[in-house]
Amino acid sequence: MIPTRRLGDQQVSAVGMGSMTLTQTLDKDPAQGVQTVHAALDAGITLFDTADSYGPTGEMGVNELALIRALRTRPDALERVVIATKGGHTRGPNATWWVDGSPKHIASAARASLQRLGLEALPLYQLHRPDVRVPFADSLGALRALVDDGIALRVGISNVDHDQLDTAIEILGDRLVSVQNEYSPLERSNEAILRLCEQRGITFLAWGPLGGMRAAKGLGAAAPAFQQAAERRGISVQQMAVAWLLSISDAIIPIPGASRPESIQSSVGAASIELDEREREELAVPPVPTEGEQP
Ligand SMILES: NC(=O)c1ccc[n+]([C@@H]2O[C@H](COP(=O)([O-])OP(=O)(O)OC[C@H]3O[C@@H](n4cnc5c(N)ncnc54)[C@H](OP(=O)(O)O)[C@@H]3O)[C@@H](O)[C@H]2O)c1
């Protein structure tokens, strides 16, 4: 069975499933999406990440609906899982991405997500991205109100820098349970934020853990040390990446995307792989530059 990790007051599977991939392009087969969600549940996944803005077109809510419909076809699934959704992005003409972190938008987007998902409260609501046109404290105030008004049980932030995380800790207190930033063998610039999360008991949800939707298949060529370590063990380079992420901090939960059952089953398999000393050294995280030092 897959090990668990802490997310606020709850324990969830140490690997979550990124659901964006289920509907991100028009060629995705809805039946295969349902099979993928079922495979994730069968493998013990209890954390699913989505967002109101994920989908192949500018239409909002497509991914949330695909995920909840798949979950609802499995009796008891909703009692076991945490659905982590996000708001703060809108989509424009030709499916372009916009940011709206205004309190008014966050309040209405969260309520729209709650209605689509048909839950009593959102288990985890995340601000997708800070909006440079809105004081960050105002966006955080809207998140705080969601918890205080019972719309969300917990909140998280995403794509934040160190100062923004500091501000969020101050404004949200223990309502804040997660930071969702990019982290993978190819992208390690969020190391200092990961360590701050660790110190403060906040979970770091690693998005794009295999290098992102487009790079995941070519991860071996882009990260040869991971490819070699994987070959020595007879596992895939993607499994090596997930196992490595889990090894660098107890605060990390990788959320690999999947649109095929095989992908999520393989990622769950990685959760029981323990890195040895040689692997830890070879794949070591580069040191965090001290202040004033160039990275
Ligand atoms: N907060 C943000 O701004 C943000 C940004 C991007 C993503 N996200 C979240 O993070 C999640 C993951 O990121 P991502 O989907 O961009 O990138 P990713 O997880 O690095 O890569 C996803 C791709 O990897 C493949 N894959 C997954 N597990 C695999 C395995 N064990 N072996 C081989 N291939 C595997 C999948 O293939 P198949 O599709 O063929 O199954 C999928 O296309 C998203 O789904 C989304 O929920 C958040």
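## A walk through the model, starting at E191

Select E191 first: this residue is buried, with a relative accessible area of 8%. Bear in mind along the way that you are looking at a predicted model.

**Stop 1: a charged trio on helix α8**

Keep E191 on screen and add R195. Both residues belong to helix α8, 4 residues apart, which is about one turn of the helix. Their side chains meet in a salt bridge, 2.6 Å from N to O. Unlike the buried E191, R195 is partly exposed, with a relative accessible area of 23%. Now add E198 to the selection: salt bridges with shared partners join E191, R195 and E198 into one network.

**Stop 2: two more salt bridges**

How many salt bridges does the structure hold? The count is 14. In general, side chains of opposite charge can pair when their charged atoms come close.

For one that spans a lot of sequence, pick D250 and R5. They form a salt bridge whose closest N and O atoms are 3.8 Å apart. D250 is in the loop between α11 and β12 while R5 is in strand β1 (residues 4–7), so this pair ties together parts 245 residues apart in sequence. The two ends sit in unlike surroundings: D250 counts as exposed at 66% relative accessibility, whereas R5 is buried at 14%.

Next, select D49 and K86. Here the closest N and O atoms of the salt bridge are 2.8 Å apart. The pair links distant parts of the chain, with D49 in strand β4 and K86 in strand β5, 37 residues apart. Both D49 and K86 are buried.

**Stop 3: strand β5 and its sheet**

K86 brings you to β5, so show residues 82–87 next. Is this strand enclosed or open to the outside? All 6 of the 6 residues are buried, so β5 is largely enclosed by the rest of the structure. In a regular strand the side chains alternate between the two faces of the sheet. Look for that here: V82, A84 and K86 point one way, and I83, T85 and G87 point the other way.

Show the strands on either hand. Strand β4 (residues 47–49) pairs with β5 in the parallel sense over 3 bridges, and F48 stands opposite I83. Strand β8 (residues 124–127) also runs parallel to β5, joined to it by 4 bridges. On that side, K86 stands opposite Q126 and G87 has L127 as its bridge partner.

Zoom out for the whole sheet. It is an open sheet of 8 strands with parallel pairing, in the order β3-β4-β5-β8-β9-β10-β11-β12. At the edges are β3 (17–18) and β12 (252–254), each pairing on one side only.

**Stop 4: the nonpolar core**

Go back to F48 and show what surrounds it. Leaving out residues up to four places away in sequence, F48 touches M17, S19, V37, A40, L41, L67, L71, V81, V82, I83 and A84. F48 is also one of the residues that touch the most other members of the largest nonpolar core, which has 79 residues; others are V37, L71, Y125, L143, I157 and L165. Helix α11 gives the most to this core, with 9 residues. Another core, of 10 residues, lies apart from it and includes V12, V82, V177 and I253.

**Stop 5: aromatic rings around W244**

The whole structure has 4 aromatic pairs. Select Y183 and W244: their rings form a tilted pair, 6.2 Å centre to centre with 50 degrees between the planes. Y183 is in the loop between β10 (176–182) and α8 (191–200) and W244 is in helix α11 (residues 237–248), 61 residues apart. Y183 is buried at 0% relative accessible area, and W244 is buried at 1%.

Now add F226. F226 and W244 make an edge-to-face pair, 5.1 Å centre to centre with 85 degrees between the planes. F226 lies in helix α10 (residues 224–233) and W244 in α11, so the pair ties together parts 18 residues apart in sequence. Add F204 as well and you have one aromatic cluster: Y183, F204, F226 and W244.

**Last stop: R91 and R129**

Two arginines finish the tour. Select R91 with W97: the charged end of R91 sits over the ring of W97, 3.8 Å from its centre. Then find R129 in the loop between β8 and α6 (136–148). R129 counts as partly exposed, at 32% relative accessibility. Setting aside residues up to four places away in sequence, R129 touches H89, V99, S158 and N159.

Key:
Residues are numbered from 1 along each chain as its sequence is written. This is a predicted model: local features need pLDDT of at least 70, side-chain atom pairs count only at pLDDT 80 or more; totals for chains, interfaces and linings use all residues. Side-chain values use heavy atoms; hydrogens and water are left out. Rings of Phe, Tyr and Trp (its six-membered ring) pair if their centres lie within 6.5 Å; planes under 30 degrees apart count as stacked, over 60 as edge-to-face and the rest as tilted. Helices (H or I, at least four residues) and strands (E, at least two) are DSSP runs, numbered from the N terminus. Buried means under 20% relative accessible area, exposed over 50%, partly exposed in between (1.4 Å probe, protein chains only). A charge sits over a ring if NZ of Lys or CZ of Arg is within 6 Å of the ring centre and within 35 degrees of the ring normal. Two strands pair if DSSP finds at least two bridges between them. A nonpolar core is a set of buried Ala, Val, Leu, Ile, Met, Phe, Trp, Tyr and Cys residues joined through side-chain atoms within 4.5 Å. Contact means heavy atoms within 4.5 Å. A salt bridge is a side-chain nitrogen of Lys or Arg within 4 Å of a carboxyl oxygen of Asp or Glu.
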